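The exercises below are meant to be worked with the sequence and the coordinates open side by side. Try each task before reading its solution.

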Amino acid sequence: MACIPDALRAATARLSETSSTPRLDAELLMAHALDMSRQDMLLRMAEVSVPDEFAALLARRAAHEPIAHITGRQDFWDLELDVTPDVLIPRPDSETLIEAAQELLASQPPRRIADLGTGSGALLLAALRLFAGAEGIGIDASAAALGIARGNADRNALADRAVFALADWHQPGWRDALGPPVDLILCNPPYVETGAALPDSVARYEPAPALFAGVGGMDDYAILLPQLGELLAPDGTAIFEIGAEQWQPVRGLAEACGFAAALRRDLAGKPRAVILRRAASGA
């Protein structure tokens, strides 16, 4: 009977050149192969043997395929989400947007929420879980992504408060899908500079249209921010994810469009979210 501790040590060594978290990756793959939680696998290592499927899963990770694609799952906020190569993998850094919404809107919760470029539905569904009285809409230019988002709404018992619509903000009339102005907009747009070098686990496996946004990664902000006034209710809030070097250019663009901008940093201290509200009259 193959010993799980020995297999995990060997897998960790093999993945050390591929991953910054080789031991965690090995444990997640072993748990997936055993069809049990990581916690249960760690508690029961002495009782079970290494399944045959583990070697193939390990080879996929050694070839840089993301763990979330191998397992088909990713945790975000307090949700478990299905993911495929049709959507960006939700990352803990993006929880910064939800944390900002929680802090800013606790005393006046939003009733209508929009998630622009919803992908897996992560931001919208986390916000709906946080604000129990809200309903929301997620839009995306990818029909495949919308299918994943709808499935995640069902999986997390939020389908009765979430709708999803096909809409591409690069095309005329895209705002029609959103309906009346909303109280909260969440958006993780493409913001990687076109041509930038990315890790193989991202460049080879995640959807390029959801990543790249022209020179400086600013193309999508330049489309969306001038239209925020038509999308937000008078006292509404918009929270956009940004790259580590984009705070100043996004702030400048937002202020030129009549919005006051505030920065929110992630747990690593890097700029991660910009919070936008209409500038006070005469400001």
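Helices (H or I, at least four residues) and strands (E, at least two) are taken as DSSP runs, numbered from the N terminus. This is a predicted model, in which residues are numbered from 1 along each chain as its sequence is written, and in which local features need pLDDT of at least 70, side-chain atom pairs count only at pLDDT 80 or more, and totals for chains, interfaces and linings use all residues. Side-chain values use heavy atoms, with hydrogens and water left out.

**Exercise 1. Locate E27, decide whether E27 is buried or exposed, and list its contacts beyond the local sequence.**

Begin with the secondary structure, where E27 falls in helix α2, which spans residues 22–34. Next take the accessibility, for which buried means under 20% relative accessible area, exposed over 50%, and partly exposed in between (1.4 Å probe, protein chains only). E27 has a relative accessibility of 7%, and therefore counts as buried. Finally, with contact meaning heavy atoms within 4.5 Å, and with neighbours within four places in sequence set aside, E27 touches L8, R38, M41 and L42.

**Exercise 2. Determine where the buried residues of α1 and α4 lie around each helix axis, and what covers them.**

Helix α1 covers residues 4–15, and its twelve residues reach 16 Å from first C-alpha to last, close to the expected 16 Å at 1.5 Å a residue; the expected span is 1.5 Å times one less than the number of residues. The buried residues in α1 are I4, A7, L8, A11, T12 and L15. They occupy an arc of only 135° around the axis, so they lie on the same side of α1, the arc being that of the directions from the helix axis to the C-beta atoms. Their cover includes α2, α3 (38–43) and α4 (53–62).

Repeat the steps for α4, whose buried residues are F54, L57, L58 and R61. Because their arc is only 100° around the axis, these residues are on the same side of α4. Among the elements covering them are α1, α2, α5 (67–71) and α9 (200–203). Just after α4, H64 adopts a positive phi of about 80°.

**Exercise 3. Work out the strand order of the seven-stranded open sheet, then describe its edges and the helices α8 and α12 that pack on it.**

Two strands pair if DSSP finds at least two bridges between them. The order is β5-β4-β3-β6-β7-β9-β8, with mixed pairing. The edges are β5 (162–166) and β8 (259–265), each of which pairs on one side only. Neighbouring strands are turned on average by 20° against each other, direction ignored, where axes are lines fitted to C-alpha atoms, for helices over the stretch in contact, and angles run from 0 to 180 degrees between N-to-C directions.

At the β8 edge, seven bridges join β8 to the antiparallel strand β9 (residues 271–278). Within this pair, L263 stands opposite V274 and R265 opposite P271. Helix α8 (residues 143–155) packs on the sheet by touching β4 (135–140) and β5, and its direction makes about 175° with that of β5. Helix α12 (residues 247–256) also packs on the sheet, touching β8 and β9, with its direction at about 160° to that of β8. The hairpin of β8 and β9 has five residues between its strands, and there G269 takes a positive phi near 85°.

**Exercise 4. Explain why C257 forms no disulfide.**

A disulfide is taken as a pair of cysteine sulfur atoms within 2.5 Å. The closest cysteine sulfur to that of C257 belongs to C187 and is 14 Å away, which is too far for a bond. A search of the whole structure finds zero disulfides.
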